[in-house]
Amino acid sequence: MKYGIIGTGAIGGYYGAKLARAGKEVHFLLHSDYDYVAANGLQIDSCDGSFHIDNVLAYRSAADMPRCDVVLVCLKSVNNHLLPLLLSPLLYDKTLVVLIQNGIGLEADLLEKMPGLNVAAGLAFICSAKSAPGTISHQCYGNINIGNYSCADNALVERFIAELKSAEVGAALVEYNEARWKKAVWNMPFNGMTVALNTRTDCLLECPETMRLVKEQMMEVVGAAQALGVKGVDESFADKMIHNTQVMTPYSPSMKLDFDNRRPMEIYYLYTRPIEEARKVGFAMPRLQMLEAELKFIAERNNSTNI
């Protein structure tokens, strides 16, 4: 299959490079790194073994890219208003669009703008960051779950998963709502708390008080998911996420990196939208509402200092 990568950063760069190394035809859309990657290729510094991709099929404009069988959207969700323009040149009637983004409600909102798309969610469990132009630092984990949202051809989704596996990426087909809310169990406490307290994941869990708060926030996500009728999201999963975070490499999540680099933070889909969805069925998330308010305050202060 032919692949398009919209957003060649820490996530798109990693998974796209893995597919390219396995011999797949992968087309990469880049912004600030275009000149560097076009000249020098992509470097993946990985805990599983580093590698380099020469002669990258790199593009500065989506309009110059070919139609693809699978498009991986790895932009930050604050840029999703650009998706109709970015996706249109890459699509034909059977193209699968996979949103490898954090949050709740992403697929529904994209389909409102672009009805009829074959859309799936990509839930990446990975610690990675762009460390320099054309260079991705992969620190830990790397599996990805795929939840089919609107693709009528399930065989296409399964073929994509098989090609990920052939590229040495752990991948599995999962139920969409369960997958999105399971990712939120980790994302909602750790992304916001590392920003609000200006710290890393390991520090949050080394302090008994903040570890207890993380667990309480996780249980709000679990409660919201259950109130919405989502199966498979329970306290044992929250405990598993805490354990996995304790044993992984100390990490600054994507929102913390955005905050550190004075980039817009993904507050809407990570906090506002799931809180709204829970409220619709009568479930309140008071700790996470407080964290959402703190993040909005921090974002406004960051914006005011950038003017």
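Leaving aside neighbours within four places in sequence, which residues is Tyr271 in contact with? In this predicted model, the partners come from several stretches of the chain. They are Asn187, Met188, Asn191, Gly192, Met255, Leu288, Leu291, Glu292 and Leu295.Tyr271 also stands out in the largest nonpolar core. This core has 41 residues. Trp181, Val185 and Tyr271 touch the most other members. Seven helices each supply at least two residues of the core: H6, H7 (201-206), H8 (208-227), H9 (235-247), H10, H11 and H12. The largest share, eight residues, comes from H6. A second core is separate and holds 38 residues. Tyr14, Val37, Cys74 and Ile161 are among its members. In soluble globular proteins, nonpolar side chains tend to be buried together.

Helix H4 spans residues 106-113. Its buried residues are Leu106, Glu107, Asp109, Leu110 and Leu111. What do the buried residues of H4 pack against? Three of the elements are helices: H3 (83-87), H6 (176-196) and H11 (267-280). The others are strands E7 (96-99) and E8 (118-132).

The second largest pocket holds about 210 Å³ of space. Helices H6 and H11 are the elements that give two or more residues to its lining. H6 gives the largest share, four residues. Tyr176, Asn177, Arg180 and Trp181 are among the lining residues. The lining also includes Arg273 and Glu277. Other lining residues are Ile104, Gly105, Ala108, Tyr149, Leu228 and Val230. By residue type, the lining divides into seven nonpolar, two polar and three charged. Trp181 thus has two roles in this description: it lines the pocket, and it is one of the residues that touch the most other members of the largest core.

Charged pairs were examined next. The count comes to 19 salt bridges. Side chains of opposite charge can pair when their charged atoms come close. One salt bridge joins the side chains of Glu25 and Lys2, at 3.9 Å from N to O. Glu25 lies in strand E2 (residues 25-29) and Lys2 in strand E1 (residues 2-6), so the pair ties together parts that are 23 residues apart in sequence. Both ends are partly exposed. Glu25 has a relative accessible area of 37%, and Lys2 is at 27%.

Another salt bridge lies within helix H6. Glu178 pairs with Lys182, and their closest N and O atoms are 2.8 Å apart. The two residues are four residues apart in H6, so about one helical turn separates them. An α-helix has 3.6 residues a turn, so residues three or four places apart point the same way. Glu178 is partly exposed, with a relative accessible area of 22%.

A further salt bridge links Arg263 and Asp258. The closest N and O atoms are 3.0 Å apart. Are the partners buried or exposed? Asp258 is buried, at 1% relative accessibility. Arg263 is partly exposed, at 40%. Some salt bridges also share partners. In this way Asp109, Arg273, Glu277 and Lys280 are joined into one network. Asp109 is one of the buried residues of H4. Arg273 and Glu277 also line the second largest pocket.

Two residues were noted for their backbone angles. Tyr141 has a positive phi of about 55°, although it is not a glycine. This residue is found in strand E9 (residues 135-148). Tyr141 is partly exposed, with a relative accessible area of 37%. Arg262 also has a positive phi, near 55°, and is a residue other than glycine. Arg262 sits in the loop between helix H10 (254-260) and H11. Its relative accessibility is 46%, so Arg262 counts as partly exposed.

Which residues does Asn302 contact, leaving aside its neighbours within four places in sequence? The contacts are Phe259 and Arg262. Asn302 lies in helix H12 (residues 286-306). Asn302 has a relative accessible area of 12%, under the 20% limit, and so is buried. The loop residue Arg262 is thus in contact with a buried residue of H12.

How values were computed:
Residues are numbered from 1 along each chain as its sequence is written. This is a predicted model: local features need pLDDT of at least 70, side-chain atom pairs count only at pLDDT 80 or more; totals for chains, interfaces and linings use all residues. Side-chain values use heavy atoms; hydrogens and water are left out. Buried means under 20% relative accessible area, exposed over 50%, partly exposed in between (1.4 Å probe, protein chains only). Contact means heavy atoms within 4.5 Å. A nonpolar core is a set of buried Ala, Val, Leu, Ile, Met, Phe, Trp, Tyr and Cys residues joined through side-chain atoms within 4.5 Å. On a 1 Å grid over the protein atoms alone, a cavity is a set of points where a 1.4 Å probe fits but cannot get out, and a pocket is an open set with protein on both sides within 12 Å along at least five of seven lines; lining residues have an atom within 4 Å of a point. Grid points are joined across faces, edges and corners, and a volume is the space filled by probe spheres set on the points. Ala, Val, Leu, Ile, Met, Phe, Trp, Tyr, Cys and Pro count as nonpolar, Asp, Glu, Lys and Arg as charged, and the others, Gly among them, as polar. A salt bridge is a side-chain nitrogen of Lys or Arg within 4 Å of a carboxyl oxygen of Asp or Glu.
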